[in-house]
Number of protein chains: 2
Amino acid sequence: VTFDLVLVGFGHVTRRFVGLLAEYRSDLLRQHGITTRVVGIGTRRHGCAYAAEGLDAEGLAGNQRDRPIGEPFDGPTIDFVTQSVRKAAAAAHEGRLVVVEATTLDIGRGEPATGHIRAAIEGGAHVVTCNKGPVAFAYRQLAIAAERAGRRLLFEGTVMDGVPIFNLARETLPAVTVVGFRGVVNSTTNYILTAMEQGQPFAEALAEMQAMGVAEANASLDIDGWDAAAKTAALANVLLGASMTPHDVERRGITEETGRRAVEARAAGRRLKLVARAGREGSVIAARVAPEELPEEDLLAGLEGRQNALILHTDLLDEIAVVQRSASLTQTAYALLSDLITIARDTPQSLRQGQQGHTL
Amino acid sequence: VTFDLVLVGFGHVTRRFVGLLAEYRSDLLRQHGITTRVVGIGTRRHGCAYAAEGLDAEGLAGNQRDRPIGEPFDGPTIDFVTQSVRKAAAAAHEGRLVVVEATTLDIGRGEPATGHIRAAIEGGAHVVTCNKGPVAFAYRQLAIAAERAGRRLLFEGTVMDGVPIFNLARETLPAVTVVGFRGVVNSTTNYILTAMEQGQPFAEALAEMQAMGVAEANASLDIDGWDAAAKTAALANVLLGASMTPHDVERRGITEETGRRAVEARAAGRRLKLVARAGREGSVIAARVAPEELPEEDLLAGLEGRQNALILHTDLLDEIAVVQRSASLTQTAYALLSDLITIARDTPQSLRQGQQGHTL
């Protein structure tokens, strides 16, 4: 079967995703019986394009970032989404239309991304996203909408890039209840804290992360703990059944003063980390992002530079930790690819071509 | 649908598994549309029982370990397996017969467990096992047999108990190639090394693990590295496509002398761990279990007591680590339950009852 893709947002991650689709073209066909075709690309500033027979996405991905994708689009991006899924109604009906939401995080309300996803689902598309906003602000409503429409909403890339967290809980932990979690989920702040421990000034470490494209362009999202709070809300909503937004997460970020505390902690054989945590407290789910001083033997204490980790507290399996040892653009793009493959696996065999029997 | 279970081996883990089945009865029906019934139990020393209408497995699990299960069985246990799957041929034909192989590890050849599994698959049963032997000695042949028979062979409990490793790779890392791994996968030796660092004598620490039922009754399996070698072979066979047995794993265990080295290493700010590793070296897959001195910041260095961890080296996601923070009988028993649920999820909707729409 051919999956028709509509890309909303066409930044670094989406472009790398287009590259991965090309690199894995033969694997996708052989192992999963699917081919892909990008039929639509929508951006806020560089226009939009739609072609039922497929766009030259690779060519467009190779262009300069500021070169227009297509015609200027007159109206909000949600209109582009609505119009695209309408044009692709036949593919949507057959369950082979996927909207890839990869616009940037809006920490105010998670918009317009949430609207994009709602429109996509209403139009019969599956959705994969690496944007934390929708899951952090509106997971429950979106999940219900997807369930009703018989479509998937997948978002592995929102936390720890392609390292499986949501898929892990959904696919590999049946009968296990996650009762809480704690982790280090923001690379920029962890890098800055590690660098400051070694004497580097705050501003210099931050600038380094921005130059590498790891830090958000709006530095406040990282250092004030907003990115971590959005991930915490997303994790709490999905894993703990919470209904919270990033604004419900108690939040303290890092400052130069935190750096001084990190140096002192290290001298005392401890480590200061920006820890995200959530858990049930009585009938409510409490969530927090804050610098915490950890004993050296704590798994989170040992995370250097851009490493991330999440420790799930469960009923049957006690604690399980997953550690991401390095982060890159490819890993986030891979998350989108892995979500696409999850959808392909769900698609009835009869719709797929060239499917090989999969080994155990 | 009702899954009929034949239990081969009826020790601590299987008895706890029977307990979990009872505790999760309503969840299994509501979330997965299945009920279960134990129709056969086979043991080497305490007889065997079979009843098409179901045995009182909970009652039997509550009995003393040395009390007979049923009639003495005249012949090898594989005959019990063959006869049971033949008696349950109708359930086997409908894909709702599951043989649970939970006999103890035979490090010589992985028998008779491998034979049990082969007989089960030939008789049309699915198989779940927490016995490392079959996957460490004969994964490829068993996987091919299961594939041909259209039945599942699942073995999550063979490494790190119920913490998902094999399911993680199979279900959540599509398009990712695992190119190698290293880890601490034997709890007893890690506990002994940690205890010796703190001045406890070797024999005392070992005796403690045996009293807790964590160490194998045959201490050599743990301290000579055989258990770790069996897990390494299983991981290499499944994740790297190797065809090795535990005897192909270069192997050094731990001794009192290793304990002295552990104390020295710790004094020098390093840690000594029994590390299992495998990877491609040219066209061959090399695997090794040996004490290794690790820098303190190594994730494996920080594993205390009975903690385990496995670091997967992958192409697209670099390194991913999974850490098990504690181990228990329940966790191994849970592995069997999670494998059973994986089979239930594969079973056509039409065969299941009471299935609820699952949320995302």
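Q: How do I read burial for a side chain, and what is the relative accessible area of A:Arg270?

A: Buried means under 20% relative accessible area, exposed means over 50%, and partly exposed covers what lies in between (1.4 Å probe, protein chains only). A:Arg270, with a relative accessible area of 31%, is partly exposed. Before we go on: this is a predicted model, where local features need pLDDT of at least 70 and side-chain atom pairs count only at pLDDT 80 or more, while totals for chains, interfaces and linings use all residues. Residues are numbered from 1 along each chain as its sequence is written, chains are lettered from A and ligands numbered from 1 in the order written, and side-chain values use heavy atoms, leaving out hydrogens and water.

Q: Which residue does A:Arg270 form a salt bridge with?

A: The idea first: side chains of opposite charge can pair when their charged atoms come close. The rule here asks for a side-chain nitrogen of Lys or Arg within 4 Å of a carboxyl oxygen of Asp or Glu. A:Arg270 pairs with A:Glu293, with 2.9 Å between the closest N and O atoms. A:Arg270 sits in strand 9 (residues 270-281) and A:Glu293 in strand 10 (residues 284-295) of chain A, 23 residues apart. Strands (E, at least two residues) and helices (H or I, at least four) are DSSP runs, numbered from the N terminus. A:Glu293 is partly exposed too, at 37%.

Q: How many salt bridges are there over all chains?

A: The count comes to 38. Take A:Asp4 and A:Arg37, whose closest N and O atoms are 3.0 Å apart. They link strand 1 (residues 2-8) to strand 2 (residues 35-42) of chain A, 33 residues apart. A:Asp4 is buried at 5%, whereas A:Arg37 is partly exposed at 29%.

Q: Where do B:Glu58 and B:Arg25 lie?

A: This salt bridge has its closest N and O atoms 3.4 Å apart. B:Glu58 lies in helix 3 (residues 57-62) and B:Arg25 in helix 2 (residues 25-32) of chain B, so the pair ties together parts 33 residues apart in sequence. Back in chain A, salt bridges that share partners join A:Asp4, A:Arg37, A:Glu94 and A:Arg96 into one network.

Q: What turn lays chain A on chain B?

A: Copies are superposed by least squares on the C-alpha atoms of residues with pLDDT of at least 70 in both. Here a turn of 180° with a shift of 0.0 Å along the axis does it, at an RMSD of 0.0 Å. That's the relation of a two-fold axis. The same surface serves both copies: 98% of chain A's contact residues (heavy atoms within 4.5 Å) recur in chain B.
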